[in-house]
Amino acid sequence: MHMRALQTASRLALQRRSGNVPASATKISSRGLCHCNVSVPKPPGWQPRKPETAAKPGVRPYASVNEEHQNLSFVLQKAKHVSFEDRPVPALQSPHDVIINVQWTGICGSDVHYWDHGEVGPFKVEQPMVLGHESAGVITQVGDKVTSLKVGDRVAMEPGIPCRRCERCREGRYNLCYDMAFAATPPVDGTLAKYYTLPGDFCYKLPDHVTLEEGAVVEPLSVGVHIVRQGGVKPGDSVVVYGAGPVGLVCMAVAKAFGATKIIAVDINEERLNFATDYCATHGFRPAKEAPEASAARLIQENELGPGADVVIDATGAEPCIQQSIHAVRVGGTYVQGGMGKPDVNFPIMTACTKELTIKGSFRYASGDYALAVELISSGKIDVKKLITQHVKFQDAEAAFHEVKAAKGIKSLIEGPANMSI
(Lines give C-alpha, C1' and ligand atoms only; values in the text may rest on other atoms or scores of the structure.)
Protein backbone atom coordinates (compact mmCIF):
# COMPACT_ATOMS: atom_id res chain seq x y z
CA MET A 1 0.00 0.00 0.00
CA HIS A 2 1.42 3.37 -1.00
CA MET A 3 2.21 5.98 1.64
CA ARG A 4 0.47 9.32 1.51
CA ALA A 5 1.11 12.84 2.72
CA LEU A 6 0.01 13.41 6.31
CA GLN A 7 -3.09 15.30 5.20
CA THR A 8 -4.41 12.33 3.30
CA ALA A 9 -3.17 9.93 5.93
CA SER A 10 -5.21 11.37 8.76
CA ARG A 11 -8.21 13.23 7.53
CA LEU A 12 -11.01 10.68 7.78
CA ALA A 13 -9.42 9.13 10.84
CA LEU A 14 -9.56 12.47 12.59
CA GLN A 15 -13.34 12.42 12.51
CA ARG A 16 -13.60 9.31 14.65
CA ARG A 17 -14.25 9.61 18.35
CA SER A 18 -14.99 6.10 19.51
CA GLY A 19 -16.85 6.20 22.69
CA ASN A 20 -20.91 -7.02 20.52
CA VAL A 21 -24.16 -7.38 20.10
CA PRO A 22 -25.49 -10.38 22.03
CA ALA A 23 -26.03 -13.43 19.91
CA SER A 24 -28.57 -16.09 20.79
CA ALA A 25 -27.26 -18.53 23.36
CA THR A 26 -29.75 -21.16 22.30
CA LYS A 27 -29.73 -21.19 18.53
CA ILE A 28 -27.44 -20.81 15.57
CA SER A 29 -27.94 -17.53 13.73
CA SER A 30 -26.97 -17.40 10.08
CA ARG A 31 -26.66 -13.62 10.34
CA GLY A 32 -23.99 -12.89 12.90
CA LEU A 33 -23.21 -9.20 13.34
CA CYS A 34 -20.67 -8.04 10.78
CA HIS A 35 -17.47 -6.56 12.21
CA CYS A 36 -17.19 -3.84 9.58
CA ASN A 37 -18.72 -1.04 11.64
CA VAL A 38 -16.84 -1.57 14.89
CA SER A 39 -13.22 -0.91 15.77
CA VAL A 40 -10.15 -2.61 17.18
CA PRO A 41 -9.71 -2.26 20.99
CA LYS A 42 -7.63 0.77 21.87
CA PRO A 43 -4.56 0.45 24.13
CA PRO A 44 -4.42 2.30 27.47
CA GLY A 45 -3.67 5.98 27.01
CA TRP A 46 -4.43 5.96 23.28
CA GLN A 47 -5.41 9.31 21.78
CA PRO A 48 -6.70 9.88 18.24
CA ARG A 49 -4.50 11.78 15.84
CA LYS A 50 -5.15 15.51 16.16
CA PRO A 51 -5.77 17.63 13.06
CA GLU A 52 -4.10 20.92 12.37
CA THR A 53 -7.54 22.46 12.01
CA ALA A 54 -10.75 21.29 13.58
CA ALA A 55 -13.19 19.45 11.36
CA LYS A 56 -16.85 20.30 11.16
CA PRO A 57 -19.17 17.42 11.99
CA GLY A 58 -19.68 15.26 8.93
CA VAL A 59 -16.96 17.02 6.92
CA ARG A 60 -13.56 15.49 6.33
CA PRO A 61 -10.68 17.52 7.81
CA TYR A 62 -8.65 19.42 5.21
CA ALA A 63 -11.46 18.99 2.67
CA SER A 64 -13.58 21.73 1.19
CA VAL A 65 -17.08 21.39 -0.24
CA ASN A 66 -18.92 22.95 -3.12
CA GLU A 67 -21.53 25.58 -2.40
CA GLU A 68 -24.31 23.83 -4.28
CA HIS A 69 -26.12 20.95 -2.61
CA GLN A 70 -26.73 18.10 -5.05
CA ASN A 71 -25.61 15.15 -2.98
CA LEU A 72 -28.76 13.34 -1.93
CA SER A 73 -27.99 11.10 1.06
CA PHE A 74 -29.78 8.52 3.21
CA VAL A 75 -29.25 9.80 6.74
CA LEU A 76 -29.83 8.11 10.07
CA GLN A 77 -31.02 10.76 12.54
CA LYS A 78 -31.44 8.35 15.45
CA ALA A 79 -32.63 4.79 15.97
CA LYS A 80 -35.49 3.97 13.57
CA HIS A 81 -35.54 7.52 12.20
CA VAL A 82 -34.05 8.19 8.76
CA SER A 83 -34.40 10.96 6.23
CA PHE A 84 -33.22 11.99 2.77
CA GLU A 85 -30.97 15.04 2.89
CA ASP A 86 -29.38 17.07 0.13
CA ARG A 87 -25.85 17.45 1.44
CA PRO A 88 -22.85 19.32 0.01
CA VAL A 89 -21.06 17.69 -2.89
CA PRO A 90 -17.51 16.87 -1.72
CA ALA A 91 -14.66 18.65 -3.47
CA LEU A 92 -11.10 17.45 -3.92
CA GLN A 93 -8.49 18.76 -1.55
CA SER A 94 -5.77 16.12 -1.75
CA PRO A 95 -4.22 15.41 -5.15
CA HIS A 96 -4.44 11.70 -4.29
CA ASP A 97 -8.24 11.66 -3.92
CA VAL A 98 -11.09 10.84 -6.26
CA ILE A 99 -14.80 11.57 -6.22
CA ILE A 100 -17.16 8.70 -6.98
CA ASN A 101 -20.77 8.80 -8.14
CA VAL A 102 -22.13 5.92 -6.05
CA GLN A 103 -24.27 3.58 -8.17
CA TRP A 104 -25.04 0.59 -5.93
CA THR A 105 -24.78 -0.05 -2.19
CA GLY A 106 -25.37 -3.31 -0.33
CA ILE A 107 -27.03 -3.45 3.07
CA CYS A 108 -24.87 -4.94 5.83
CA GLY A 109 -26.07 -6.33 9.15
CA SER A 110 -24.17 -3.60 11.00
CA ASP A 111 -26.00 -0.92 8.97
CA VAL A 112 -29.28 -2.51 9.99
CA HIS A 113 -28.19 -2.59 13.64
CA TYR A 114 -27.37 1.14 13.60
CA TRP A 115 -30.72 1.85 11.96
CA ASP A 116 -32.60 -0.34 14.44
CA HIS A 117 -30.75 0.51 17.67
CA GLY A 118 -28.74 3.67 16.98
CA GLU A 119 -25.54 2.01 18.15
CA VAL A 120 -23.23 -0.96 17.76
CA GLY A 121 -21.30 -1.69 20.93
CA PRO A 122 -19.59 1.53 22.07
CA PHE A 123 -20.31 3.33 18.78
CA LYS A 124 -23.40 5.50 19.20
CA VAL A 125 -25.06 7.72 16.62
CA GLU A 126 -24.93 11.09 18.37
CA GLN A 127 -25.34 13.22 15.24
CA PRO A 128 -26.96 12.52 11.86
CA MET A 129 -24.92 9.97 9.93
CA VAL A 130 -25.13 8.67 6.37
CA LEU A 131 -25.45 4.87 6.34
CA GLY A 132 -23.84 2.34 3.99
CA HIS A 133 -20.36 1.00 3.21
CA GLU A 134 -20.73 -1.77 0.58
CA SER A 135 -20.56 0.31 -2.58
CA ALA A 136 -19.43 0.66 -6.17
CA GLY A 137 -19.63 3.62 -8.49
CA VAL A 138 -18.18 5.70 -11.31
CA ILE A 139 -15.25 8.11 -10.96
CA THR A 140 -16.34 11.71 -11.66
CA GLN A 141 -13.18 13.58 -10.65
CA VAL A 142 -9.55 12.68 -9.90
CA GLY A 143 -6.76 14.49 -8.09
CA ASP A 144 -3.59 15.56 -9.88
CA LYS A 145 -1.50 12.77 -8.34
CA VAL A 146 -3.93 9.95 -9.24
CA THR A 147 -2.41 7.96 -12.10
CA SER A 148 -4.23 4.61 -11.90
CA LEU A 149 -7.77 5.93 -12.42
CA LYS A 150 -9.56 8.33 -14.73
CA VAL A 151 -12.99 9.92 -14.99
CA GLY A 152 -15.52 7.32 -16.09
CA ASP A 153 -13.79 4.32 -14.51
CA ARG A 154 -16.11 1.96 -12.66
CA VAL A 155 -14.75 1.01 -9.25
CA ALA A 156 -15.38 -1.04 -6.12
CA MET A 157 -14.97 1.23 -3.09
CA GLU A 158 -12.96 0.10 -0.05
CA PRO A 159 -14.64 2.14 2.71
CA GLY A 160 -12.04 2.32 5.50
CA ILE A 161 -9.12 4.75 5.59
CA PRO A 162 -6.24 3.95 8.00
CA CYS A 163 -3.56 6.32 9.26
CA ARG A 164 -0.88 4.67 7.07
CA ARG A 165 1.78 5.54 9.68
CA CYS A 166 1.47 3.06 12.54
CA GLU A 167 3.30 -0.28 12.73
CA ARG A 168 0.22 -2.29 11.78
CA CYS A 169 -0.37 -0.13 8.70
CA ARG A 170 3.26 -0.38 7.64
CA GLU A 171 3.20 -4.19 7.85
CA GLY A 172 0.08 -4.35 5.68
CA ARG A 173 -2.39 -5.07 8.48
CA TYR A 174 -4.09 -1.70 8.22
CA ASN A 175 -7.41 -3.23 9.29
CA LEU A 176 -5.93 -3.16 12.82
CA CYS A 177 -5.09 0.57 12.69
CA TYR A 178 -6.24 2.41 15.82
CA ASP A 179 -6.92 5.51 13.72
CA MET A 180 -9.07 3.76 11.12
CA ALA A 181 -11.95 5.89 9.82
CA PHE A 182 -14.59 3.54 8.48
CA ALA A 183 -17.69 4.55 6.52
CA ALA A 184 -20.92 4.57 8.55
CA THR A 185 -19.09 4.14 11.85
CA PRO A 186 -19.92 7.19 14.01
CA PRO A 187 -19.17 9.94 13.32
CA VAL A 188 -17.90 9.10 9.82
CA ASP A 189 -20.55 9.28 7.10
CA GLY A 190 -21.25 6.29 4.91
CA THR A 191 -21.69 5.74 1.20
CA LEU A 192 -25.48 5.85 0.73
CA ALA A 193 -25.17 9.16 -1.08
CA LYS A 194 -24.85 10.37 -4.65
CA TYR A 195 -21.18 11.27 -4.23
CA TYR A 196 -18.39 10.03 -2.00
CA THR A 197 -14.68 10.81 -1.72
CA LEU A 198 -11.86 8.28 -1.23
CA PRO A 199 -8.12 8.06 -1.83
CA GLY A 200 -7.54 6.68 -5.31
CA ASP A 201 -5.72 3.59 -4.05
CA PHE A 202 -8.82 2.53 -2.11
CA CYS A 203 -10.81 2.32 -5.35
CA TYR A 204 -10.46 -0.85 -7.43
CA LYS A 205 -11.16 -0.64 -11.14
CA LEU A 206 -13.69 -3.18 -12.35
CA PRO A 207 -13.09 -5.09 -15.60
CA ASP A 208 -15.60 -4.30 -18.35
CA HIS A 209 -17.45 -7.60 -17.91
CA VAL A 210 -17.97 -7.10 -14.16
CA THR A 211 -21.12 -5.14 -13.32
CA LEU A 212 -21.39 -2.38 -10.74
CA GLU A 213 -23.82 -4.56 -8.81
CA GLU A 214 -21.10 -7.19 -8.53
CA GLY A 215 -18.71 -4.40 -7.56
CA ALA A 216 -20.90 -3.58 -4.55
CA VAL A 217 -20.53 -7.17 -3.34
CA VAL A 218 -16.73 -6.92 -3.38
CA GLU A 219 -16.83 -5.54 0.17
CA PRO A 220 -18.49 -8.57 1.84
CA LEU A 221 -16.51 -10.90 -0.41
CA SER A 222 -13.33 -9.25 0.87
CA VAL A 223 -14.44 -10.11 4.40
CA GLY A 224 -14.70 -13.74 3.30
CA VAL A 225 -11.30 -13.59 1.60
CA HIS A 226 -9.70 -12.35 4.81
CA ILE A 227 -11.40 -14.97 6.98
CA VAL A 228 -10.39 -17.84 4.70
CA ARG A 229 -6.85 -16.48 4.45
CA GLN A 230 -6.72 -16.41 8.24
CA GLY A 231 -7.68 -20.08 8.17
CA GLY A 232 -4.88 -20.92 5.76
CA VAL A 233 -7.24 -22.95 3.59
CA LYS A 234 -5.38 -24.87 0.88
CA PRO A 235 -6.21 -27.41 -1.85
CA GLY A 236 -7.63 -30.65 -0.48
CA ASP A 237 -8.74 -29.18 2.86
CA SER A 238 -12.05 -29.93 4.53
CA VAL A 239 -13.79 -26.79 5.78
CA VAL A 240 -16.82 -26.41 8.04
CA VAL A 241 -18.60 -23.03 8.07
CA TYR A 242 -21.13 -22.26 10.80
CA GLY A 243 -23.78 -19.87 9.49
CA ALA A 244 -25.17 -19.77 5.94
CA GLY A 245 -25.87 -16.05 5.90
CA PRO A 246 -24.03 -13.61 3.61
CA VAL A 247 -20.66 -13.82 5.41
CA GLY A 248 -20.81 -17.60 5.77
CA LEU A 249 -21.70 -18.00 2.09
CA VAL A 250 -18.78 -15.90 0.87
CA CYS A 251 -16.47 -17.88 3.16
CA MET A 252 -17.67 -21.09 1.55
CA ALA A 253 -17.23 -19.62 -1.93
CA VAL A 254 -13.69 -18.45 -1.19
CA ALA A 255 -12.78 -21.80 0.42
CA LYS A 256 -13.94 -23.54 -2.76
CA ALA A 257 -11.92 -21.12 -4.89
CA PHE A 258 -8.88 -21.84 -2.71
CA GLY A 259 -9.19 -25.56 -3.44
CA ALA A 260 -11.09 -26.99 -0.46
CA THR A 261 -12.64 -30.28 -1.55
CA LYS A 262 -15.19 -30.72 1.21
CA ILE A 263 -17.19 -27.70 2.42
CA ILE A 264 -19.90 -28.26 5.02
CA ALA A 265 -22.47 -25.52 5.65
CA VAL A 266 -24.05 -25.53 9.13
CA ASP A 267 -27.31 -23.71 9.87
CA ILE A 268 -30.68 -24.30 11.50
CA ASN A 269 -32.50 -22.63 8.62
CA GLU A 270 -33.33 -25.29 6.03
CA GLU A 271 -33.85 -22.71 3.28
CA ARG A 272 -30.42 -21.23 3.92
CA LEU A 273 -28.83 -24.68 3.92
CA ASN A 274 -30.43 -25.51 0.59
CA PHE A 275 -29.16 -22.27 -0.89
CA ALA A 276 -25.66 -22.94 0.45
CA THR A 277 -25.48 -26.43 -1.07
CA ASP A 278 -26.84 -25.16 -4.39
CA TYR A 279 -24.32 -22.32 -4.32
CA CYS A 280 -20.99 -23.80 -3.28
CA ALA A 281 -21.14 -26.08 -0.22
CA THR A 282 -20.64 -29.79 -0.84
CA HIS A 283 -22.66 -30.77 2.24
CA GLY A 284 -25.22 -29.26 4.59
CA PHE A 285 -25.69 -29.99 8.29
CA ARG A 286 -28.59 -28.95 10.51
CA PRO A 287 -27.79 -29.14 14.25
CA ALA A 288 -30.29 -30.50 16.72
CA LYS A 289 -30.87 -29.55 20.34
CA GLU A 290 -28.02 -31.55 21.78
CA ALA A 291 -24.72 -31.11 23.57
CA PRO A 292 -21.96 -29.42 21.53
CA GLU A 293 -19.80 -32.55 21.63
CA ALA A 294 -22.68 -34.70 20.39
CA SER A 295 -23.55 -32.30 17.59
CA ALA A 296 -19.92 -32.06 16.46
CA ALA A 297 -19.54 -35.86 16.58
CA ARG A 298 -22.65 -36.28 14.44
CA LEU A 299 -21.40 -33.67 11.96
CA ILE A 300 -18.05 -35.46 11.65
CA GLN A 301 -19.66 -38.86 11.21
CA GLU A 302 -22.39 -37.84 8.75
CA ASN A 303 -19.93 -35.95 6.56
CA GLU A 304 -17.10 -38.49 6.78
CA LEU A 305 -14.58 -36.04 8.19
CA GLY A 306 -12.44 -38.69 9.83
CA PRO A 307 -10.68 -37.07 12.80
CA GLY A 308 -12.45 -33.76 12.14
CA ALA A 309 -12.30 -30.81 9.77
CA ASP A 310 -9.02 -29.19 8.79
CA VAL A 311 -10.49 -25.72 9.18
CA VAL A 312 -13.64 -24.57 10.98
CA ILE A 313 -15.01 -21.05 10.55
CA ASP A 314 -17.70 -19.53 12.74
CA ALA A 315 -19.62 -16.82 10.89
CA THR A 316 -22.37 -16.46 13.50
CA GLY A 317 -20.89 -15.29 16.80
CA ALA A 318 -23.39 -17.57 18.56
CA GLU A 319 -22.06 -19.40 21.61
CA PRO A 320 -23.37 -22.87 20.62
CA CYS A 321 -21.64 -22.57 17.25
CA ILE A 322 -18.36 -21.59 18.85
CA GLN A 323 -18.53 -24.52 21.23
CA GLN A 324 -19.42 -27.00 18.50
CA SER A 325 -16.68 -25.64 16.24
CA ILE A 326 -13.91 -26.46 18.69
CA HIS A 327 -15.16 -30.05 18.92
CA ALA A 328 -15.56 -30.34 15.13
CA VAL A 329 -12.03 -29.31 14.14
CA ARG A 330 -9.36 -32.01 13.98
CA VAL A 331 -6.31 -32.26 16.21
CA GLY A 332 -3.79 -29.65 15.06
CA GLY A 333 -6.45 -27.95 12.93
CA THR A 334 -7.41 -24.29 12.63
CA TYR A 335 -10.40 -22.40 14.00
CA VAL A 336 -11.30 -18.88 12.78
CA GLN A 337 -13.75 -16.61 14.56
CA GLY A 338 -15.39 -14.60 11.79
CA GLY A 339 -18.74 -13.70 13.37
CA MET A 340 -19.27 -11.29 16.23
CA GLY A 341 -21.65 -11.90 19.12
CA LYS A 342 -21.84 -11.22 22.82
CA PRO A 343 -18.56 -10.06 24.42
CA ASP A 344 -18.00 -13.20 26.50
CA VAL A 345 -18.87 -16.84 25.90
CA ASN A 346 -18.31 -20.20 27.58
CA PHE A 347 -15.41 -21.65 25.64
CA PRO A 348 -14.17 -25.30 25.62
CA ILE A 349 -10.62 -24.31 26.46
CA MET A 350 -9.51 -27.80 27.55
CA THR A 351 -10.44 -29.23 24.16
CA ALA A 352 -8.75 -26.35 22.34
CA CYS A 353 -5.54 -26.86 24.31
CA THR A 354 -5.33 -30.63 24.07
CA LYS A 355 -6.04 -30.50 20.33
CA GLU A 356 -3.30 -27.88 20.01
CA LEU A 357 -5.52 -25.81 17.75
CA THR A 358 -4.52 -22.70 15.87
CA ILE A 359 -7.16 -20.13 16.83
CA LYS A 360 -7.45 -16.87 14.95
CA GLY A 361 -9.73 -13.87 14.91
CA SER A 362 -10.64 -12.07 11.71
CA PHE A 363 -11.46 -8.38 11.33
CA ARG A 364 -12.61 -6.71 8.12
CA TYR A 365 -9.92 -7.02 5.40
CA ALA A 366 -6.32 -6.02 4.87
CA SER A 367 -3.68 -5.58 2.18
CA GLY A 368 -4.51 -7.54 -0.96
CA ASP A 369 -7.94 -8.79 0.10
CA TYR A 370 -9.98 -6.33 -1.99
CA ALA A 371 -7.84 -6.86 -5.07
CA LEU A 372 -8.15 -10.65 -4.74
CA ALA A 373 -11.93 -10.36 -4.30
CA VAL A 374 -12.17 -8.43 -7.56
CA GLU A 375 -10.00 -11.05 -9.29
CA LEU A 376 -12.11 -13.94 -7.98
CA ILE A 377 -15.21 -12.30 -9.46
CA SER A 378 -13.50 -11.29 -12.69
CA SER A 379 -12.09 -14.77 -13.31
CA GLY A 380 -15.45 -16.42 -12.73
CA LYS A 381 -14.19 -18.44 -9.77
CA ILE A 382 -16.90 -16.87 -7.60
CA ASP A 383 -20.33 -15.86 -8.88
CA VAL A 384 -21.63 -13.16 -6.54
CA LYS A 385 -24.62 -12.42 -8.77
CA LYS A 386 -26.38 -15.40 -7.21
CA LEU A 387 -26.12 -13.71 -3.81
CA ILE A 388 -28.00 -10.60 -4.97
CA THR A 389 -31.63 -11.28 -4.20
CA GLN A 390 -33.13 -7.79 -4.20
CA HIS A 391 -32.64 -4.49 -6.06
CA VAL A 392 -34.38 -1.41 -4.65
CA LYS A 393 -34.64 2.24 -5.63
CA PHE A 394 -32.94 4.83 -3.45
CA GLN A 395 -36.29 6.21 -2.30
CA ASP A 396 -37.21 2.73 -1.02
CA ALA A 397 -34.05 2.33 1.04
CA GLU A 398 -35.79 2.13 4.42
CA ALA A 399 -38.14 -0.57 3.19
CA ALA A 400 -35.09 -2.58 2.16
CA PHE A 401 -33.70 -2.23 5.69
CA HIS A 402 -36.92 -3.75 7.03
CA GLU A 403 -36.52 -6.66 4.61
CA VAL A 404 -32.93 -7.32 5.65
CA LYS A 405 -33.86 -7.15 9.34
CA ALA A 406 -36.48 -9.83 8.65
CA ALA A 407 -33.72 -11.99 7.08
CA LYS A 408 -35.42 -11.99 3.68
CA GLY A 409 -33.08 -12.87 0.85
CA ILE A 410 -29.30 -12.88 0.92
CA LYS A 411 -27.95 -9.55 -0.31
CA SER A 412 -30.06 -6.47 -0.99
CA LEU A 413 -28.67 -3.66 -3.15
CA ILE A 414 -29.84 -0.04 -3.14
CA GLU A 415 -29.52 1.89 -6.38
CA GLY A 416 -27.90 5.33 -6.30
CA PRO A 417 -30.20 8.37 -6.04
CA ALA A 418 -29.80 9.31 -9.75
CA ASN A 419 -32.47 11.95 -10.48
CA MET A 420 -34.43 11.58 -7.26
CA SER A 421 -35.23 14.90 -5.61
CA ILE A 422 -36.61 15.92 -2.21
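Student: Is Glu290 buried, partly exposed or exposed?
Tutor: In this predicted model, Glu290 has a relative accessible area of 29%. Buried means under 20% and exposed means over 50%, so a value in between gets the middle label. Glu290 is therefore partly exposed.

Student: Which residue forms a salt bridge with Glu290?
Tutor: Good one to look up in the structure! The closest N and O atoms of the pair are 2.9 Å apart, and a salt bridge needs them within 4 Å. The partner is partly exposed, with a relative accessible area of 23%. That partner is Arg298.

Student: How many residues apart in sequence are Lys411 and Glu134?
Tutor: These two form a salt bridge, with the closest N and O atoms 3.0 Å apart. Lys411 lies in strand 20 and Glu134 in strand 7, so the pair ties together parts that are far along the chain from each other: 277 residues apart.

Student: What is the relative accessible area of Glu134?
Tutor: Let's take its partner along too. Lys411 is buried, at 5%. Glu134 is also buried, because buried means under 20%, and its relative accessible area is 2%.

Student: In which sense do strand 16 and strand 17 pair, parallel or antiparallel?
Tutor: Find residues 309-314 for strand 16 and residues 329-337 for strand 17. Ala309 has Val329 as its bridge partner, and helix 9 joins the two strands in a right-handed β-α-β unit. Over five bridges, the sense is parallel.

Student: Which residue in strand 18 is the bridge partner of Gln337?
Tutor: Strand 17 pairs with strand 18 over four bridges. In strand 18, which covers residues 358-361, the partner of Gln337 is Gly361.

Notes. Residues numbered from 1 in each chain as written. Predicted model: local features only at pLDDT ≥ 70, side-chain atom pairs only at ≥ 80, totals over all residues. Heavy atoms only, no water. Pairing = 2+ DSSP bridges. Right-handed = clockwise from strand over helix to strand, strands pointing away. Salt bridge = Lys/Arg side-chain N within 4 Å of Asp/Glu carboxyl O. Buried < 20%, exposed > 50% of the residue type's maximum accessible area, 1.4 Å probe, protein only.
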